[in-house]
Amino acid sequence: MMTKLKIAVQKSGRLSEESLRLIKECGIKFNNGKGTLKAEASNFPIEFLFLRDDDIPGYVEDGVADLGIVGENVLVEKSKGLEINKRLGFSKCRLSLAIPKGEKYEGISYFEGKNIATSYPKLLGDYLSKQGINADIHEISGSVEIAPGIGLAEGICDIVSSGSTLFMNGLKEVDVIFNSEAVLVSSPDMDPAKKDILNKLIFRIDAVLNSKNNKYILLNAPNDKVEEIIGILPGMRSPTVLPLAQEGWSSLHSVINEDEFWERIEKLKEAGAEGILVVPIEKMIK
């Protein structure tokens, strides 16, 4: 019987969409119709289980699934003994403390002796303990932001992306206690055959993520400027330099990190680069 990995993925929502998009970009083909609880890839030894995000760490810990894609905030809150195999760079958010807009906030001591509503009692409790703050934590699920308005708590601790939900409920963000993103997790005692498949999956994920963070760049430059430009634009090893038909000119090809993109482009133009083309990379194998 062929060894297969079982991977638990959130069954709906933004995390689900981005997780499945990443898997498909890895060249793995599967059908996941509406309401489907399981799906099997046709060209890679992997099976998908579609679950509630809060349940994923437990299913992986219990061995029902070999892997899971879950928000790091959920992973830490559930406190399961799982291994983070890869940070995936999407579904980024923060767990923050918030209070009514009209309240004056001068630091974490504001919460001393107060009530805080949250769906993340462990993360909040750990943070308050480190800060030496004694507060009453009220664990509630869903609609945490209404707690101050109904008199349940003086503040909340909840997931924030844009901050619009806080604003609409008359709250303001005052302290970030945890930054989160999607992570690929597994049990640390995975058997060797499954570990081999996991390594192949991570290889594909790396190729996709590297391509998103980098761009392929082509430019023309006078030969007397090539060395200066190479110093500005190193490649994975070094840029490719090719002679142009026009004497005294060369074409340089390289890869540039998106975070450095505009700063490097400005320096390249100042150094004499012309005809700069920037092209997306579909996959990037290091």
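These are my notebook entries on a few spots I looked up in this structure, which is a predicted model.

**Entry 1: the overall layout**

I started with how the protein chain is split up. There are three parts: domain 1 covers 5-89 + 182-211, domain 2 covers 93-180, and domain 3 covers 213-280. I also looked up how far apart domain 1 and domain 3 sit, and their C-alpha centres are 38 Å apart. Then I checked the record. In an unreviewed entry, UniProt puts "domain: ATP phosphoribosyltransferase catalytic" at residues 52-206. The C-alpha atoms at the two ends of that span lie 26 Å apart, and the span is 28% helix and 30% strand.

**Entry 2: helix α1**

Next I picked α1, which runs over residues 14-25 and has twelve residues. From first C-alpha to last it reaches 16 Å, close to the 16 Å expected at 1.5 Å a residue. Which residues of α1 are buried? I noted Leu 15, Ser 16, Glu 18, Ser 19, Leu 20, Leu 22 and Ile 23. I then looked for what covers them, and the cover includes the strands β1 (5-10), β3 (46-51), β4 (67-71) and β11 (182-186), along with helix α6 (192-213). After the helix comes Gly 27, with a positive phi near 80°.

**Entry 3: strand β11**

β11 turned up in that cover, so I followed it, starting from the fact that five of its five residues are buried. Ala 182, Leu 184 and Ser 186 point one way, while Val 183 and Val 185 point the other way. This is a pattern I had read about: side chains in a regular strand alternate between the two faces of the sheet.

I wanted the pairing too. β4 and β11 run antiparallel and are joined by five bridges; across from Val 185 in β11 stands Gly 68. β5 also pairs with β11 in the antiparallel sense, over four bridges. There, Lys 86 has Leu 184 as its bridge partner.

**Entry 4: Met 190**

Moving on from β11, I looked at Met 190, in the loop between β11 and α6. Is Met 190 buried or exposed? Its relative accessible area is 16%, so Met 190 is buried, because buried means under 20%. Leaving out residues up to four places away in sequence, I listed what Met 190 touches: Leu 5, Asp 66, Leu 67, Lys 195 and Leu 198. I checked the Leu 67 case further. Met 190 and Leu 67 are 123 residues apart in sequence, yet their C-alpha atoms are 9.6 Å apart in space.

**Entry 5: Ser 91**

Ser 91 sits in the loop between β5 (83-87) and β6. What caught my eye is its phi, which is positive at about 50° although Ser 91 is not a glycine. I looked up its accessibility as well: at 14% relative accessibility, Ser 91 counts as buried.

**Entry 6: the five-stranded sheet**

Last, I traced an open sheet of five strands, in the order β8-β7-β9-β6-β10, with mixed pairing. Why is one side of β8 and of β10 left without a neighbour in the sheet? β8 (136-139) and β10 (171-180) stand at the edges with a single partner strand each, so one side of each has no neighbour there. On average, neighbouring strands of this sheet are turned by 25° against each other, direction ignored. I also zoomed in on β6 (residues 93-100), which pairs with β10 in the antiparallel sense over eight bridges. Within that pair, Arg 94 has Asn 179 of β10 as its bridge partner.

Terms used:
Residues numbered from 1 in each chain as written. Predicted model: local features only at pLDDT ≥ 70, side-chain atom pairs only at ≥ 80, totals over all residues. Heavy atoms only, no water. Expected span 1.5 Å × (residues − 1). Buried < 20%, exposed > 50% of the residue type's maximum accessible area, 1.4 Å probe, protein only. Contact = heavy atoms within 4.5 Å. Domains from an automatic or database assignment. Pairing = 2+ DSSP bridges. Axes fitted to C-alpha atoms, helices over the stretch in contact; angles between N-to-C directions. UniProt positions renumbered as here; feature names shortened; annotations may be inferred.
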